[in-house]
Amino acid sequence: MSAAAAPAVHGPLPRRLALTHGLGAAAYGIKENGFSTFLLLYCNQVLGMDPPLVGLALLIALLIDGVADPLIGYLSDRTVTNWGRRLPWLILAPIPLGLVWAQLWSLESAPGFWELVGIAVAVRLLVSCCEVPSIALVPELTRDYDQRTTLLRYRFLFSWSASMLISFLAYGLFLKDGPLAAEGYRAYGLFGAALITGSVLFSALGQRRWAAVRPPPPATPFSLRQAFAELIECFSHRAFLVLLLGGALAYTSQGITFSIANYLYAYVWLFNPLQFQIYTGVLLASVVTCFVVLPKWHARWGKRDTAVVTALLGMVFWVAPFLLNSAGLWPQRGTWASTLPLYAAFFVCNVFSVSAMVSASSMMADVVEASEEQTGRRNEGVFFSGNFFMQKCSTGLGIFVTSFLLAFAGLSDKVKPADVTPDVINRLSLAYCAAVILFAFAMAAVLRRFPITRADHEARLAALSAARINPDSEGLHP
């Protein structure tokens, strides 16, 4: 008979648990901020590497990482200690992760191609050792359809807050002398390393009361053959495949947006340092707004329909200013007359976009019981590691695509924003918008096919509960 590693919390989640659990996602937010927003600019404009070469190095690192991620999830599912299945990973991984993160941003010259691949692999593997066990706790801590969304809301709140905090400090403190200051990136890396290590450790210790429960031993001994057989079984689940494909489209688009963001703000919208700092506050306010309104949307429309509609609405508000600017219908770039309405459009966009991401992540938690009903096993780590690997691959693919968008636009290396011609700006804006629109519609079409609703989930929980009370002759659910 299947069993969770720790007893699920019944009723409303304790606020302390939601807070400490969410804090663990801060490390992922910092990593995403660095890899998606600053790394391409850092390697290209500061260290002097060609953008396609950087994009290829990060893509290769993801492919190497690909085999490890599901295995990390699988091993996390099979970890048996008095501290539960997940907490030992969250205690052992963050210190080496912090050290490697600091090293990445302290390079004194352009690294060799394979050196960059090696550093990127080390960062991604250690991030997986923190993020996969942490997020795999969500379906263990609660089986409630809405409480899972609560935990995911806190995760996204802390992830985005950490990302916005380090962006605010980067623009206002570390890179106050401009985005080409090597010493600024060194300080950015050291501060991020301390925040990564501290947040994961504090989160792990804060959840000990609920998660430090010795799980039952695995039903079968470990073998690579058995591991891959179970992984293939999990990865064949229809609901999981729908989320993987929809997520791949969403995170590829997000990867393009994050990696090209500094180019857009600096070259298209001509942000000055103050406008960069204010913008981080606008994004944080949008995440807080999403945190407040999303439960109401889920209560009315459910997770799937909320994800579909908000993804499309977010795309509309995001691309509108770029298209209006290319048509000559936007105020003069770089002025407050341009920047203030831009803040408003991007605020609304991010409320919708984050809502879509949180909804899809919460849908992944509901796949656990759908699989358990079929296999008799709970594979939280496998499902979330597969989802996590998809996110990283798609983000890396997005960075790779961005490198070609920059080449297509004809943006030169180490060029000042004031020296970029309008033709380059228009090519960059229109090519980027075309990619975002395409990915948004494709993602919405895929997620619309997700088969698990609130009613399905609650009926499945009742069936599993009955099966645990009255198992069949093999000790499994009927």
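How many positive and negative side chains does the protein have, and how far apart do the centres of the two sets lie? There are 34 positive and 28 negative side chains, and the two centres lie 5 Å apart. Lys and Arg count as positive and Asp and Glu as negative, with His and the chain ends not counted. The place of a charge is NZ of Lys, CZ of Arg, CG of Asp or CD of Glu.

This is a predicted model, in which local features need pLDDT of at least 70 and side-chain atom pairs count only at pLDDT 80 or more, while totals for chains, interfaces and linings use all residues. Residues are numbered from 1 along each chain as its sequence is written, and side-chain values use heavy atoms, with hydrogens and water left out.

**Whole chain**

Start with the cartoon view. The protein shows 17 helices and zero strands; these are DSSP runs numbered from the N terminus, helices being H or I with at least four residues and strands E with at least two. The C-alpha trace spans about 75 × 45 × 40 Å along its principal axes. The radius of gyration is 22 Å, which agrees with the value near 23 Å for a compact globule of 478 residues. That radius is taken over C-alpha atoms, and the globule rule is 2.2 Å times the number of residues to the power 0.38.

Next, colour by accessibility. Of the 478 residues, 60% count as buried, where buried means under 20% relative accessible area, exposed over 50%, and partly exposed in between (1.4 Å probe, protein chains only). Contact means heavy atoms within 4.5 Å. Among contacts between residues at least 6 apart in sequence, 86% join residues at least 24 apart.

**Helix H5 and helix H6**

Select residues 94–104, which form helix H5. Pro94, Leu97, Gly98, Trp101, Ala102 and Leu104 are buried there. They cover an arc of only 155° around the axis, which puts them on the same side of H5; the arc is that of the directions from the helix axis to the C-beta atoms. Add helix H2 (26–46), helix H4 (87–92), helix H6 (113–135) and helix H9 (182–206) to show what the buried residues of H5 pack against.

Within helix H6, select Cys130. Cys130 is buried at 5% relative accessibility. Leaving aside neighbours within four places in sequence, Cys130 is in contact with Leu90, Ala93, Pro94, Leu97 and Val200. A distance label from Cys130 to Val446 should read 29 Å, C-alpha to C-alpha, for a separation of 316 residues in sequence.

Phe113 also lies in helix H6. Not counting residues up to four places away in sequence, Phe113 touches Leu53, Leu56, Ala57 and Ile60. Phe113 and Leu397 are 284 residues apart in sequence and 17 Å apart in space, C-alpha to C-alpha.

**Helix H12, the loop and helix H13**

Move to Gln254 in helix H12 (residues 238–268). Gln254 is buried, with a relative accessible area of 15%, and touches Glu32 and Met357, not counting residues up to four places away in sequence.

Then select Leu270, in the loop between H12 and H13. What is phi of Leu270 near? The angle is near 55°, a positive value in a residue other than glycine. Most residues other than glycine have a negative phi. Leu270 is partly exposed, with a relative accessible area of 29%.

Finish at Asn325, in helix H13 (residues 273–326). Asn325 is buried, with a relative accessible area of 13%. Not counting residues up to four places away in sequence, Asn325 touches Val268, Trp269, Trp330, Arg333 and Ile425.
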